[in-house]
Amino acid sequence: MKSYRKELWFEVPGRRAFLNITPQVEDALRESGVIEGLVLANAMHITASVFINDDERGLHHDYEVWLEKLAPHEPVASYHHNRTGEDNADAHMKRQVMGREVVVAISSGRLDFGPWEQIFYGEFDGGHRKRVLIKIIGE
Amino acid sequence: MKSYRKELWFEVPGRRAFLNITPQVEDALRESGVIEGLVLANAMHITASVFINDDERGLHHDYEVWLEKLAPHEPVASYHHNRTGEDNADAHMKRQVMGREVVVAISSGRLDFGPWEQIFYGEFDGGHRKRVLIKIIGE
Amino acid sequence: MKSYRKELWFEVPGRRAFLNITPQVEDALRESGVIEGLVLANAMHITASVFINDDERGLHHDYEVWLEKLAPHEPVASYHHNRTGEDNADAHMKRQVMGREVVVAISSGRLDFGPWEQIFYGEFDGGHRKRVLIKIIGE
């Protein structure tokens with residue numbers, strides 16, 4: 001069994017953003033030499049997500065509006081977590097809706113994807129250097 | 001390490017449905033010959049889910065009502081994504097709540113499940129031929 | 001390829017709770033002898049979650065309030081599932097938001113975590129003996 005590990009680093013200037021990281025995951029897969037196996041890609045921070053969906057600007061706008069409705073940033077003082085000096089309680093909720101991680105099949109040396117699947121880093125509390133972990137196992 | 005890959009195809013006639021795919025995943029596991037390992041089952045389309053819950057008709061009704069409340073289909077024009085000519089923006093949201101994929105342990109050649117766990121394909125934008133990927137790795 | 005399996009048992013006295021199970025997962029990892037690989041930790045019951053987030057009391061309070069708003073327990077009779085004699089339909093929904101499982105990378109014999117990642121068992125329908133499955137594969 002082969003295994004391979006790589007970190008991707010991000011610093012999103014605003015509070016929230018969605019970044020397509022599919023090319024970086026494909027790079028890691030090539031570097032691993034794995035032909036059949038699994039890729040795990042996960043946010044290493046608890047106010048960010050890794051998820052799979054469509055690379056369509058309108059949809060990303062809709063996600064932003066929808067997540068803000070499900071878990072509003074304001075009023076900041078409505079969250080007990082923010083009494084610790086943080087203002088990011090909403091980000092911990094948004095991340096649960098969108099998920100921490102994806103597991104993707106590797107078949108014949110490629111990400112085994114349907115026609116529109118793309119991997120995104122979802123940032124919900126930007127302005128900090130944060131990481132995604134890629135772990136690949138297989139043969 | 002063994003690996004095995006299989007696609008399941010679906011065409012749901014209505015807009016939304018939940019289909020129990022546990023027997024098909026069990027078939028794939030038998031075909032793989034894997035005794036100890038992991039099964040990944042994921043929707044290959046971004047308006048569908050694979051998830052694990054109860055095979056109870058009342059619960060599926062409740063999920064339908066609840067998801068429609070969290071991410072309503074109408075008004076279609078309220079979503080920027082639908083300006084591309086689609087009417088399925090809500091399906092991209094429902095799929096995030098229910099999840100893209102499940103990873104299930106394989107122990108002694110069987111899906112290592114608790115008493116009520118069953119695997120479902122969740123369709124949120126039917127009327128198209130769509131796929132689930134099953135990828136099995138182990139020994 | 002090595003594999004290792006362990007069950008964790010819980011009986012939460014109240015209806016809902018979040019329990020940090022990171023030490024038990026670390027114990028299982030040590031017992032497995034796996035140095036490079038993946039850990040799957042999943043709820044074996046469909047009204048409970050395994051998820052990764054912060055071990056901060058205020059945040060757990062906020063999750064409790066937020067999940068109750070997204071999927072209220074009352075009125076119990078509003079859910080068709082509860083016509084089966086259950087009163088836990090809301091728990092099936094809360095579990096979907098928080099997720100069934102996590103997959104964590106194992107690198108150099110350790111859980112490959114960012115600075116604040118901790119693994120939790122989320123109980124949404126307590127008062128019963130319930131299990132988490134830990135499955136480890138790797139080398």
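In this predicted model, helices α2(A) and α3(A) cross in a right-handed manner. Their axes lie 10 Å apart and form an angle of about 120 degrees. The two helices are therefore oblique to each other, since angles of 65 to 115 degrees would count as roughly perpendicular and those over 145 as roughly antiparallel. Helix α3(A) also packs against a helix of another chain, α2(C), with the axes again 10 Å apart.

**Packing of α2 and α3 within chain A**

- Helix α2 of chain A spans residues 57-70, and Y63(A), W66(A), L67(A), E68(A) and L70(A) are its residues in the contact with α3(A).
- On the other side of this contact, α3(A) supplies D90(A), K94(A), V97(A) and M98(A).
- Sorted by class, the residues of this contact comprise six nonpolar and three charged residues, with no polar ones.

**Packing of α3(A) against α2(C)**

- Two packed helices are described by the angle between their axes and the distance between the axes.
- Helix α3 of chain A covers residues 89-98 and helix α2 of chain C covers residues 57-70; the angle between them is about 55 degrees.
- The helices α3(A) and α2(C) are therefore oblique to each other.
- The crossing of α3(A) with α2(C) is right-handed.
- From α3(A), the residues A89(A), H92(A), M93(A), Q96(A) and V97(A) take part, and they meet L59(C), D62(C), Y63(C) and W66(C) of α2(C).
- The contact of α3(A) with α2(C) is made up of six nonpolar, two polar and one charged residue.
- V97(A) appears in the contact with α2(A) and also in the contact with α2(C).

**Helix α1 of chain A and its buried side**

- Which residues of α1(A), residues 22-32, are buried? They are T22(A), V25(A), A28(A), L29(A) and S32(A).
- These residues lie on the same side of α1(A), because they cover an arc of only 120 degrees around the axis.
- Just after α1(A), G33(A) adopts a positive phi of about 70 degrees.

**A closer view of S32(A)**

- S32(A), a residue of helix α1 of chain A, has a relative accessible area of 11%.
- This value is under the 20% limit, so S32(A) counts as buried.
- When neighbours within four places in sequence are left aside, S32(A) is in contact with K2(A), Y4(A) and I136(A).
- S32(A) and K6(A) are separated by 26 residues in sequence, while their C-alpha atoms are 9.6 Å apart in space.

Technical notes
Residues are numbered from 1 along each chain as its sequence is written. Chains are lettered from A and ligands numbered from 1 in the order in which they are written. This is a predicted model: local features need pLDDT of at least 70, side-chain atom pairs count only at pLDDT 80 or more; totals for chains, interfaces and linings use all residues. Side-chain values use heavy atoms; hydrogens and water are left out. Axes are lines fitted to C-alpha atoms, for helices over the stretch in contact, and angles run from 0 to 180 degrees between N-to-C directions. Helices (H or I, at least four residues) and strands (E, at least two) are DSSP runs, numbered from the N terminus. Angles under 35 degrees count as roughly parallel, over 145 as roughly antiparallel, 65 to 115 as roughly perpendicular and the rest as oblique. A crossing is left-handed if the near helix is turned anticlockwise from the far one by less than a right angle, and right-handed if clockwise. Contact means heavy atoms within 4.5 Å. Ala, Val, Leu, Ile, Met, Phe, Trp, Tyr, Cys and Pro count as nonpolar, Asp, Glu, Lys and Arg as charged, and the others, Gly among them, as polar. Buried means under 20% relative accessible area, exposed over 50%, partly exposed in between (1.4 Å probe, protein chains only). The arc is that of the directions from the helix axis to the C-beta atoms.
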